[in-house]
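Q: I'd like a close look at how the charged side chains pair up here, and at what happens to any that don't. Please walk me through it residue by residue.

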Amino acid sequence: MSDAETLFERIIAGEIPSEKVYEDETTYAFRDIAPQARVHVLVVPKKRYRNLAELAAGDPRLLADVASTARKVAEIEGIAESGYRVVFNTDGDAGQTVFHVHAHVLGGEQLGHFGR
Ligand code: AMP
């Protein structure tokens, strides 16, 4: 397992500092170190799956927890009403760099289109 693969496990364990936004039994949410919008928070299941597909197949309840935490983050950050985007990058073309599934919660301003 490379450093990139263990980064979020080390953040969850508190071995690498992070700016926590929310935590419960199964998920951990913290600010992205290189924000792509005024609000940019990552939501990570504490149990590691490589990507969204593996999480959905392996533990649908945990996926529901991630979705629920994304909603809570939006409420905490005051963007639940103004709107926000939830993104799961998966593998190469999407630019996934950390292979511990995570939802990006983006908002706090008008977001651009995405894709190419
Ligand atoms: P992805 O490219 O979808 O795999 O997203 C990985 C995200 O993790 C990127 O948006 C990075 O900016 C973010 N990131 C990398 N290292 C850290 C860190 N130590 N603390 C917070 N966010 C990080």
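A: Start with Lys 46: its relative accessible area is 27%, so it counts as partly exposed. Keep in mind that this is a predicted model. The side chain of Lys 46 meets that of Glu 23 in a salt bridge, with N and O 2.9 Å apart. These two come from distant parts of the chain: Glu 23 sits in strand β1 (residues 20–23), while Lys 46 is in the loop between β3 and α2 (52–58), 23 residues apart. Glu 23 is partly exposed too, at 33% relative accessibility.

Next up is Arg 50, which pairs with Asp 91; their closest N and O atoms are 3.2 Å apart. Arg 50 lies in the loop between β3 and α2 and Asp 91 in helix α4 (residues 91–94), so this salt bridge ties together parts that are 41 residues apart in sequence. As for exposure, Asp 91 has a relative accessible area of 29%, which makes it partly exposed, and Arg 50 is partly exposed at 31%.

Then there's Arg 10 with Glu 15, a salt bridge at 3.6 Å, N to O. Arg 10 is partly exposed at 36% relative accessibility, whereas Glu 15, at 54%, is exposed. You'll also find a network of salt bridges that links Glu 19, Arg 31 and Glu 77. The full tally is eight salt bridges.

Now for a charged residue that sits this out. Asp 32 is buried but has no salt bridge; the nearest side chain of opposite charge belongs to Arg 31, and that is 11 Å away. A salt bridge has to fall within 4 Å. Look for Asp 32 in the loop between β2 (27–31) and β3 (39–45). Its side chain isn't idle, though: it reaches the backbone nitrogen of Ala 34 at 2.8 Å. Leaving aside residues up to four places away in sequence, Asp 32 touches His 40, Val 41, Leu 42 and His 104.

Asp 32 also turns up at the ligand, where it is one of the closest of the 16 surrounding residues, along with Asn 89, Thr 97, His 102 and His 104. A polar side-chain atom of Asp 32 lies 2.5 Å from a ligand oxygen. Thr 97 brings a backbone N or O atom to 2.7 Å from an oxygen atom of the ligand, and His 102 places a polar side-chain atom 2.9 Å from a ligand oxygen. On its own the ligand has 500 Å² of accessible area, and the protein covers 83% of that.

Definitions and conventions. Residues are numbered from 1 along each chain as its sequence is written. This is a predicted model: local features need pLDDT of at least 70, side-chain atom pairs count only at pLDDT 80 or more; totals for chains, interfaces and linings use all residues. Side-chain values use heavy atoms; hydrogens and water are left out. Helices (H or I, at least four residues) and strands (E, at least two) are DSSP runs, numbered from the N terminus. Buried means under 20% relative accessible area, exposed over 50%, partly exposed in between (1.4 Å probe, protein chains only). Lys and Arg count as positive and Asp and Glu as negative; His and the chain ends are not counted. A polar contact is a pair of N or O atoms within 3.5 Å; within protein, one must be able to donate a hydrogen and the other to accept it, and residues adjacent in sequence count only if both atoms are side-chain atoms. Contact means heavy atoms within 4.5 Å. A residue is near a molecule or strand if one of its heavy atoms lies within 4 Å of it. Accessible areas come from the Shrake-Rupley method with a 1.4 Å probe; for residues, only the protein chains shown count as cover.
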